[in-house]
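I opened the notebook to look up how two helices pack and where open space is left. My entries follow the structure.

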Amino acid sequence: MTITQDPWETLRTTALLGTDRRPLPATALPLEDAMDRSDPATALLELAALAAVRRRAGALPVPAAEPPGPPAAEDTRPELPEPAARRLAVLLSGRSGSAGGTLANLAELLPQWLDTARARGLRPPAALIPGLLDAARARSELRADAVALAGPLGRWLAERNPDWRFVLRTTTPELPQPSADDRLWHEGLFAERVTHLTLLRRRDPAAGLDLLRGTWSTERAEDRLLFLDALQDGLSPADEPFLEAALGDRSKNVRATAAELLSTLPGSALARRMAERARAAVRLAGTGTHLLVTPPAECDAQMQRDGIAPKSPTGRGERAWWFGEVVAAAPLSVWPESTGLTPEQLLALRVGDSIDETSSSWADDLREAWARAAVRQQDADWARALLGPAPVTGRGARARSPRTTGAPAKLLAVLPPEERAVWTAAFIETHGLGEAFQLLGACATPWTPPLSTAVVTALAKAAASGAYPWSHSGVLGMTERALAPETAAAVEELAAGAAPDSAWSETFARLAGTLRFRAAMLAELAG
């Protein structure tokens, strides 16, 4: 029996091998005689085109697809106002909608739009949900807000499109999935498991701890470390037995993280042990005029179990390292209780060595450890004392830097949002923008009008001094997202006053356009 080879496969084989190695196939196609055989490659393409038409003409219709199942659950949230929906379409497309192109990268404004729309309980039009899910697929930081906004329809679409399967593994307060807890925990990707555990801890701390305890012994060390971090949400004395057991973990990083979490629980056994060590390391001199430091002489087994590494990973001396770790982990309440002094009074005291009371070599170590403890324990009183009063402004005032030797931005983040803004505005008025980037990053957005005004004034001074915009590129990038939109008029004045076609003129014009865009964006969402 003669087997006839498929003409399409013959053509494909000829194309793969090349017409110089495989001659053109003989065909019965009626247009073959009209082809130019002097150019085999062109003739091959013509034959392929004819064969493709013939194959399609002979194709049979495929069976009808099965119905897609029940429709998506009803979404009772109010739909976005029409102007806000149009704005979302612009943000998703990346188009500025400005003929001059004088706006920031709109992708950077999308998170603020999503967060605001989610907070207002609005839902986007169905036609925009695919674009929203595509954006969230490309940018994981958008997923929580995007999934919440997409609502039931977003989950319905995700069940039918594998590109959006992340939606089915994202839990939000608006769309809880209690029945999927075990499945997601056991089957999800690692990042999805961490996110799920974090959200579950926020909703039900005890359930999150039980979930983690059930698989703890089988998890990898690097995974255990990040799962422990998730326990920060809803951390309470109920977690102490689990964390105390984790102090014996085979991974030193897990042990250190467990110890740090326990140190934030003032009533924990570890906190009491650290308090005892701290009192032995620092005491008030009999005269009450200074503090005497006696750093630990060794790092014994119990200290190591409590998360203190015997070898300094920072290059500092071992005794200085042990001393800093002990003080940073001790409850801050131990110092007023043992001395009767306030944080401000303690910080004003001279620090001496127990051997040489005139030495102040331990002063920076003690202050740095107190700063770490204030951040770890979220103690606003100590953070306020370590930062010191807001820098003094005005004629004749002497500029002061923060008291702490550590990063002031971390201490600033402990304070209430309004106080952070006031302190940072005063700092910028005194010191300018040179050291303000991290401080501004610690402030809640959008910035308050006084803080925004201080930033705009500092930018004007920078422009007048002859500095280049890119020397403040980090702060300028933040201003587009965080400046109060009410400052747009002031920025427009700066743009008009700058030299035409200069870098500052372009920078201020771009910033003003972005502020106007954000103002309109937020007004549309307000309805």
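I looked up α18 (363–377) and α19 (residues 380–387), whose axes come within 9 Å and cross at roughly 140°; axes are lines fitted to C-alpha atoms, over the stretch in contact for helices, with angles from 0 to 180 degrees between N-to-C directions. I note that α18 and α19 are therefore oblique to each other, a word for angles that are not under 35 (roughly parallel), over 145 (roughly antiparallel) or 65 to 115 degrees (roughly perpendicular). For the contact (heavy atoms within 4.5 Å), I listed R367, W370, A371 and A374 of α18 against W382, A383 and L386 of α19. By class this contact has six nonpolar, no polar and one charged residues.

I recorded that the model is predicted, with local features needing pLDDT of at least 70 and side-chain atom pairs 80 or more, while totals for chains, interfaces and linings use all residues. Residues are numbered from 1 along each chain as its sequence is written, and side-chain values use heavy atoms, without hydrogens and water.

Next I looked up the largest pocket (an open set of points on a 1 Å grid where a 1.4 Å probe fits, with protein on both sides within 12 Å along at least five of seven lines), which holds about 480 Å³ of space. Of its 25 lining residues (an atom within 4 Å of a point), A256, G307, I308, A309 and E325 are the closest to its centre. The largest share of this lining, seven residues, comes from α12, and α18 supplies at least two.

Technical notes
Points joined across faces, edges and corners; volume = space filled by probe spheres on them. Helix = DSSP H or I, 4+ residues; strand = E, 2+ residues; numbered from the N terminus. Nonpolar A, V, L, I, M, F, W, Y, C, P; charged D, E, K, R; others polar.
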